[in-house]
Structures are given as C-alpha cells and as structure tokens.
Amino acid sequence: MRRSRPAARALTRRLRASPSALAREGLTVNADGVPRLAAELLAHPGIDVARLARVWPELGAIPPDIAEQLEIDARYSGYLDRQARDIAAFRRDEALALPDALDYAEIGGLSAEVRSKLAAARPATLGAAARISGVTPAALVALLQYVKRRPEAA
C-alpha cells in the first residue's frame with residue numbers, strides 16, 4: 001500500500017512500544033518504562049523504517065522515498081526545533097522596547113562609535129538598533145542585557 005508523506009508521518013507518531021518490547025526486537029533504548037514512538041526511534045543512529053518494520057509491519061508499506069524523507073526529518077528534528085525556539089526568542093527580543101531616555105554612555109561593552117550611532121538614531125526597539133550600520137552582535141547583547149537588568153528604565 002502506498003502512503004503519502006503526511007500519512008506516513010502520522011503513522012510513525014501513532015505507533016508506540018515499551019522499551020522491553022523494543023528490546024525483544026533488538027532495539028536498545030533506555031529501560032525506563034516509557035513507551036517510545038516510531039517517530040522518536042527514527043532519530044536514533046542505525047534505526048531506519050526498514051528496521052522498525054520488524055516491530056510494526058505496517059511500516060513496511062511505506063515507499064522507500066517517503067521512508068528516507070521520514071528518516072531525514074527525524075534525524076534533524078531536534079536541530080529544527082531548537083532553531084524554531086531560537087527564532088522565537090530573537091523575535092521576542094527584537095521587539096524589546098528601548099527607553100526613550102536611555103543613556104548609551106552607561107552601557108558597558110559599547111564602543112564609542114556604537115554609542116554615538118545609537119544616541120544619534122535613538123532606536124525604539126532592539127530590532128531597530130540591530131539594523132543600524134556598525135552595531136555589532138556583541139553590542140546588541142550588551143544593550144539587551146542592560147535593558148533587561150534595568151526594568152525601571154524601560
């Protein structure tokens with residue numbers, strides 16, 4: 001039976017087995033009693049859809065090209081999840097309002113040039129400060145830390 005990629009992905013997210021059941025099939029996972037999903041197991045080195053089909057025969061119906069994509073997706077899912085969290089954190093910080101009366105001379109770690117540019121531009125948000133030519137990532141971190149440490153200034 002041919003399955004679409006979304007259907008195959010959904011199937012791997014439904015199929016679960018206990019560590020002891022997996023061990024009987026030759027798949028070693030932490031024996032903590034927590035059932036594992038087929039989708040989770042695909043992220044483990046040396047585990048592919050063909051190997052999981054010994055535990056769940058219905059996985060054998062997944063076409064090789066879709067199985068390969070599921071394996072790739074599973075292996076990189078942790079990185080993609082972390083990247084999504086990093087992007088969300090950046091967007092939150094990018095919108096951080098900078099106080100109108102912020103004295104850039106008080107912020108340690110800023111070069112005289114960056115202080116001058118920030119004072120002249122008076123950016124309203126951290127994101128606006130990031131778009132000023134010459135404002136470095138290190139300067140943005142110093143600015144972010146300063147503003148977050150001083151909630152009364154915001």
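**Cores, helix H5 and pockets**

Author: The largest nonpolar core has 22 residues, and those with the most contacts inside it are Leu-22, Leu-41, Leu-52, Trp-56, Leu-59 and Ile-62. Two or more residues each come to this core from H1, H3, helix H4 (49-52) and H5, with H5 giving the most, four residues. Apart from it lies another core of 18 residues, among them Leu-102, Leu-126, Val-135 and Ala-139. The model is a predicted one, in which local features need pLDDT of at least 70 and side-chain atom pairs count only at pLDDT 80 or more, while totals for chains, interfaces and linings use all residues. Residues are numbered from 1 along each chain as its sequence is written, and side-chain values use heavy atoms, with hydrogens and water left out.

Reader: Why is such a set called a nonpolar core?

Author: The name applies because its members are buried Ala, Val, Leu, Ile, Met, Phe, Trp, Tyr or Cys residues joined through side-chain atoms within 4.5 Å, where buried means under 20% relative accessible area, against over 50% for exposed and partly exposed in between (1.4 Å probe, protein chains only).

Reader: How do you know that the length of H5 agrees with its number of residues?

Author: At 1.5 Å a residue, the 31 residues of H5 should span 45 Å, and its end C-alpha atoms are 43 Å apart, which agrees; the expected span is 1.5 Å times one less than the number of residues. Helices here are DSSP runs (H or I) of at least four residues, numbered from the N terminus.

Reader: Where does H5 bend, and which of its residues are buried?

Author: H5 bends by about 50° at Ser-77, the angle being taken between axes fitted to the seven residues ending there and the seven starting there. Ile-66, Ala-67, Leu-70, Glu-71, Ala-74 and Asp-93 are buried in H5.

Reader: What makes a set of grid points a pocket?

Author: On a 1 Å grid over the protein atoms alone, a pocket is an open set with protein on both sides within 12 Å along at least five of seven lines, and its lining residues have an atom within 4 Å of a point. The largest pocket has a volume of about 230 Å³, and its lining includes Arg-9, Glu-40, Leu-70 and Asp-81. Helices H1 (5-14), H3 (38-41) and H5 (64-94) each supply at least two lining residues, and the largest share, five residues, comes from H5.

Notes:
On a 1 Å grid over the protein atoms alone, a cavity is a set of points where a 1.4 Å probe fits but cannot get out, and a pocket is an open set with protein on both sides within 12 Å along at least five of seven lines; lining residues have an atom within 4 Å of a point. Grid points are joined across faces, edges and corners, and a volume is the space filled by probe spheres set on the points.
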